[in-house]
Amino acid sequence: MRELRERIGSRSFVVMALVGPILVLSLTYLLFAIGENKQQSWKVLISDPRGIMENKIMPGEDKSIQYSFVSDYIEIADFASGKTYQDFDAMVEVNEKIITNKLSFVFYREKPSLNMTINIRYQIERRLEEILAAKFTKLSANDFRKIKQPLQMPFKNAYDPTEQSSDLAGWVGLFFGAVIFVFIFLFGMTILRSVSREKSNRIVEILVATVHPRALMLGKIIGVGLSAFIQFFVWAVIISFGLYLMRETVFVNGYDPANLAQNGTSVAYNEFVELIFERIQFSSMIGYFLLFFAVGYLFYGAFFAALGAVTGSESDGQQFLLPLIALLLFALYSGYYVLNNPETQLAQLYHYLPFTAPVVVMVKLAVGYPEGEGYQLFISLLILLVSAFAVLSLAGRLYKNGILQFGHSVRLKQLFQWLKMK
Amino acid sequence: MLEIQQITKRYQRKAALDDVSLSLKTGEIFGLLGPNGAGKTTLIRVINRIIEPDHGTVRFKGDLLKQKHLIHIGYLPEERGLYKNMTVEAHAFFFGALRGMTKSDIKQALDYWLNRFDIQSWRKKRIDELSKGMAQKVQFICAVLHEPELLILDEPFSGFDPVNVELIKQELVEMKAKGKTILISTHNMRSVEEICDRVALIHQSKKIMEGRVSELQESARVGEYAVKFRGTMIAFVNALWTGFELIDKEILGDDRFVARVKMRGDNQFEDLLKVLIGTVKIEAAWEVLPSMQELFINAVSVKEEIGK
């Protein structure tokens, strides 16, 4: 409780709990604001000397772009500096071979937003498709567009053709796994620093005279972990609320998949949006995310606590921290490996190995377990839980035997002796 | 109150404690003495259950010492340590809660001790705002806040100025009067003489001496006496002749001295007085017993000689 009270009562915790989400939301706002139209409306001049477009443009939902046609060829310098065209924000050059070379330059005064670029490209392209269809085929523009669609080629499991898997889903899972390990690292370091500080300022001697060293260590891990959960929860609430507000007020059209589809965004992007909004079961994934985070944190937290207790000096601590960091990075790599090689024996091993299980399970959860194989998740959780208890027990011995040793250099032989001592 | 029986503790091949037995009674101040590295801190940590002995037992009020007994023990380690960014009040509530005190009890006890040391203004101060001596006072308060039945103090006077040393001594004597048992590990021999009822000397992991301070001093008497007189030093020395040996003298004024004299042969104190009366004007005379410091040094030196 003291550990938890100290953390959540500290100014830095309160600041980070509020500043962190505000930073994330601000960044999100900036990213999307940059993508949005900088100006309320654009005036676009289409230079079409051959009259290919016949002074017509496809009507679009976006009324912020006004098109004007001119049947002359306009020099770029004239457009840029000439007084005649100063009212226009951009000029589209429709060259005489556009039907065949599919090339058209757009010259702008101010760099357009991504949205603007997509809209202009979409409307010009739609018009050209109409011209192409009319000129070279007997098809209507809509029929032509259907033929023009890129080839869809989903990969399916021969044993379970109905299985809906997705590489993108795996990446989302890997992201969740990475979040777990980032938090484990950050709060593991908090445990290590707290243990080292209590050791260096010698208060630990009074503490272990009152509380069993194992209880002390466990209390510290749990206290720091609870503060991590609280911070994570505050972040999740503030960021979710902020994103919801942004979607409802500032970027009303930006997040709507239907709008994006109409504006002609890529199939891949649509698939991503569909993945996020439709396919991934976030409600259950969040539950397993929290569960694996909690148990994974206990597992790794024991290592950090033991390391803080056994090191005699700061340099020793840094030296022995490197293998621990290497383990964490390896765990992240294992998630990436499983993403690309989901059916190998090594992937199976990583699924059950307690060091790598949290991230690998997130990847598998996002992709989806095959029918009838969901039990693997629970086996992995059980192994991780048992391992966490085992490591906590061993770490407790190291903590008890090492916490009152000062100024020594850590040797592996010494560590093994401490592990043998009860 | 506390029975320490045949405690042995080894670290690899080195013995930190070798068959050490002690017994502490209720309502006494017991001094644990010894040179650096003798095993005092190891013994204290065994009593506090910080480390477990290889052999031997510790009994608290007749029962084998267990974790549950620790709330009745207060401990002030030699290496002082507090949380730098916590206030004095927060420390009191933290340590009080660890020892099972209620918030109201903690508040009451803290009020008492802050008033006692006249440091009420420190209540809301953080430890890093206090000097070392002030922080040590706070640590002392945290050790005694829960009114432990057994108080273990490792170098309690270290870091305090003479005024605060006296203050701490007074508190310890008062606690003893209330029936508390206090174990002090210290190198401050003068304090040991002043307040300890019994002492034990540990050297190279073994107990080499134990007993009441007065008894130990008397058992090591060497027949030395101090005489405070008015007169001349020459007359004093002439009166001694061969029956007594002048060890040392202290000049108090033009014709006032304190002389330390050792008996020779079978001469007794009365014989000394007989030869001096009429020669000098005796103002006071007393037996000079070896100080605890002298006893300590002699005992350790003898042990080391034997060891060679």
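Me: Why is Glu155(B) called partly exposed?

Reply: In this predicted model, Glu155(B) has 18 other C-beta atoms within 10 Å. A residue is called buried at 20 or more such atoms and exposed at 12 or fewer, so Glu155(B), with 18, falls in between and is partly exposed.

Me: Where is Glu155(B) found, and which residues is Glu155(B) in contact with, leaving aside its neighbours within four places in sequence?

Reply: Glu155(B) lies in the loop between S7 and H5 of chain B. Its contacts, once those neighbours are set aside, are Glu78(B), Ser185(B) and Thr186(B), and contact here requires C-beta atoms within 7 Å. Glu155(B) and Asn188(B), for their part, are 33 residues apart in sequence and 8.1 Å apart in space, taken from C-alpha to C-alpha.

Me: What makes S6 and S10 of chain B the strands at the edges of their sheet?

Reply: The sheet is open and has 6 strands in the order S6-S7-S8-S3-S9-S10 (chain B), with mixed pairing. Strand S6 (73-76) and strand S10 (206-212) each have a single partner strand, so one side of each is left without a neighbour in the sheet. From one strand to the next, the twist averages 15°.

Me: How do you know that S3 and S8 of chain B pair, and how many bridges join them?

Reply: Strand S3 (residues 29-33) and strand S8 (residues 181-185) of chain B run parallel and are joined by 4 bridges; because pairing asks for at least two bridges, the 4 found here satisfy the criterion. One of the partnerships sets Gly31(B) against Ile184(B) in S8(B).

Me: Which strands of the sheet do helices H1 and H5 of chain B touch?

Reply: Helix H1 (residues 40-47) of chain B packs on the sheet and touches S3, S7, S8 and S9 of chain B, its direction making about 150° with that of S7(B). Helix H5 (residues 162-177) of chain B also packs on the sheet, where it touches S3, S7 and S8 of chain B, and its direction makes about 145° with that of S8(B).

Me: What makes the reach of helix H16 of chain A close to the expected one?

Reply: Helix H16 (residues 375-402) of chain A has 28 residues and reaches 40 Å from its first C-alpha to its last, which is close to the 40 Å expected at 1.5 Å a residue. Among the buried residues of H16(A) are Ser380(A), Leu384(A), Ala388(A) and Leu392(A). In general, an α-helix has 3.6 residues a turn, so residues three or four places apart point the same way.

Me: Which residues of H14(A) and H15(A) meet, and what is the character of that contact?

Reply: Tyr350(A), His351(A) and Tyr352(A) in H14(A) meet Ala357(A), Val360(A), Val361(A) and Lys364(A) in H15(A). These residues divide into 5 nonpolar, 1 polar and 1 charged, and the axes of the two helices come within 7 Å and cross at roughly 115°.

Me: How many residues of chain A are in contact with chain B, and which helix of chain A gives the largest share?

Reply: On the chain A side there are 12 residues, in contact with 15 residues of chain B. Helix H8 (residues 204-208) of chain A supplies the largest share of the chain A side, with 3 residues, and that side as a whole divides into 6 nonpolar, 3 polar and 3 charged residues.

Definitions and conventions
Residues numbered from 1 in each chain as written. Chains lettered and ligands numbered in written order. Predicted model: local features only at pLDDT ≥ 70, side-chain atom pairs only at ≥ 80, totals over all residues. Contact = placed C-beta atoms within 7 Å. Nonpolar A, V, L, I, M, F, W, Y, C, P; charged D, E, K, R; others polar. Axes fitted to C-alpha atoms, helices over the stretch in contact; angles between N-to-C directions. Expected span 1.5 Å × (residues − 1).
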